[in-house]
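Load the model, show its surface and keep the selection tool at hand. The tour goes from the pockets to the chain as a whole.

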Amino acid sequence: MKKKQTILVMAVAAMIFFACTPKKASETVNANEVADTMKVIPQSDAKVLVLLAHPDIAKSHMNAALAQAASEVEGVQVVNIYDYPMQPGVYREAVSRAKALVYEFPFYWMSSPHLLKQWTDEVFMAFTQEGLIKGKEFMVVTTTGSEETAYQHDGRNKYTMEEYLRPFEGQANHSEMRWNAPLVVYGNSQDADRAKADLQKGCEIYKARLQELVHKVSGL
């Protein structure tokens, strides 16, 4: 009986030992690599890559309309970063092919949604270090819940949108990208008709700006 108990104890010990022994690098499954191979940005010949950052685009009004307008422009690919893993490998091929990057997002608490900040820290920064985005065009498109007069020095928010978006310009400069003037589409919680008209105009301007960007990077 003691012999059987000894054998059993040795067997359990061996199982614990092998379970706890680190695997070789070749045997270790990298979760990031699995994520990269599972879902990457679809291949496209688009010259302009729009990186949409909206946590619930299905319930969006303004950004959904703008994203739809952008998708109708030839040479433009729209990708919602909330739909893909937060890994450089997921985006590397698409970013490499593109000649221009566009951030599109709703203006949250005087900045972008948190996932775009994370994307910038973990993906954009990696591409900056690789030199992958050097020389590419960069533009920001954002929507607000307030009217334009709120974003003035004498308005409720004290500063202009150009001033609030200055960190993005600094980001482009740091990465040696070419900064393009941002597009801001203002909302209006007090006047639904005015907000609707401004959004329609914003979509038209957005498409025109994207067409200009496609022509610019295509040398047309």
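Begin at the largest pocket of this predicted model, which holds about 320 Å³ of space. Select Glu148, Val184, Tyr186, Arg194 and Asp198: of the 15 residues in the lining, these are the closest to the pocket centre. Next, colour β6 (183-185) and α8 (192-218), each of which gives at least two residues to this lining. The largest share is that of α8, with five residues. Coloured by class, the lining shows six nonpolar, four polar and five charged residues.

Move on to the second largest pocket, with a volume of about 150 Å³. To display its lining, select Tyr103, Met110, Ser111, Ser112, Leu116, Lys117, Thr120, Asp121, Tyr164, Pro167, Phe168 and Gln171. Two or more of these residues come from each of α5 (114-130) and α7 (166-174). Here α5 has the largest share, four residues. By class, this lining divides into six nonpolar, four polar and two charged residues.

Now zoom out and switch to a cartoon of the protein chain. Eight helices and six strands should appear. Traced along the sequence, their order is α-α-β-α-β-α-β-α-β-α-α-β-β-α.

Which share of the 220 residues is buried? Colouring by accessibility gives the value: buried residues make up 42% of the protein chain. Back on the surface view, about 13,100 Å² is exposed, and carbon and sulfur atoms supply 54% of that area.

Last, turn on contacts between residues at least 6 apart in sequence; 78% of them join residues at least 24 apart.

How values were computed
Residues numbered from 1 in each chain as written. Predicted model: local features only at pLDDT ≥ 70, side-chain atom pairs only at ≥ 80, totals over all residues. Heavy atoms only, no water. Buried < 20%, exposed > 50% of the residue type's maximum accessible area, 1.4 Å probe, protein only. Contact = heavy atoms within 4.5 Å. Areas by Shrake-Rupley, 256 points an atom, 1.4 Å probe, with all protein chains shown as cover. 1 Å grid on protein atoms, 1.4 Å probe; cavity = no way out; pocket = protein on both sides within 12 Å on 5 of 7 lines; lining within 4 Å. Points joined across faces, edges and corners; volume = space filled by probe spheres on them. Nonpolar A, V, L, I, M, F, W, Y, C, P; charged D, E, K, R; others polar.
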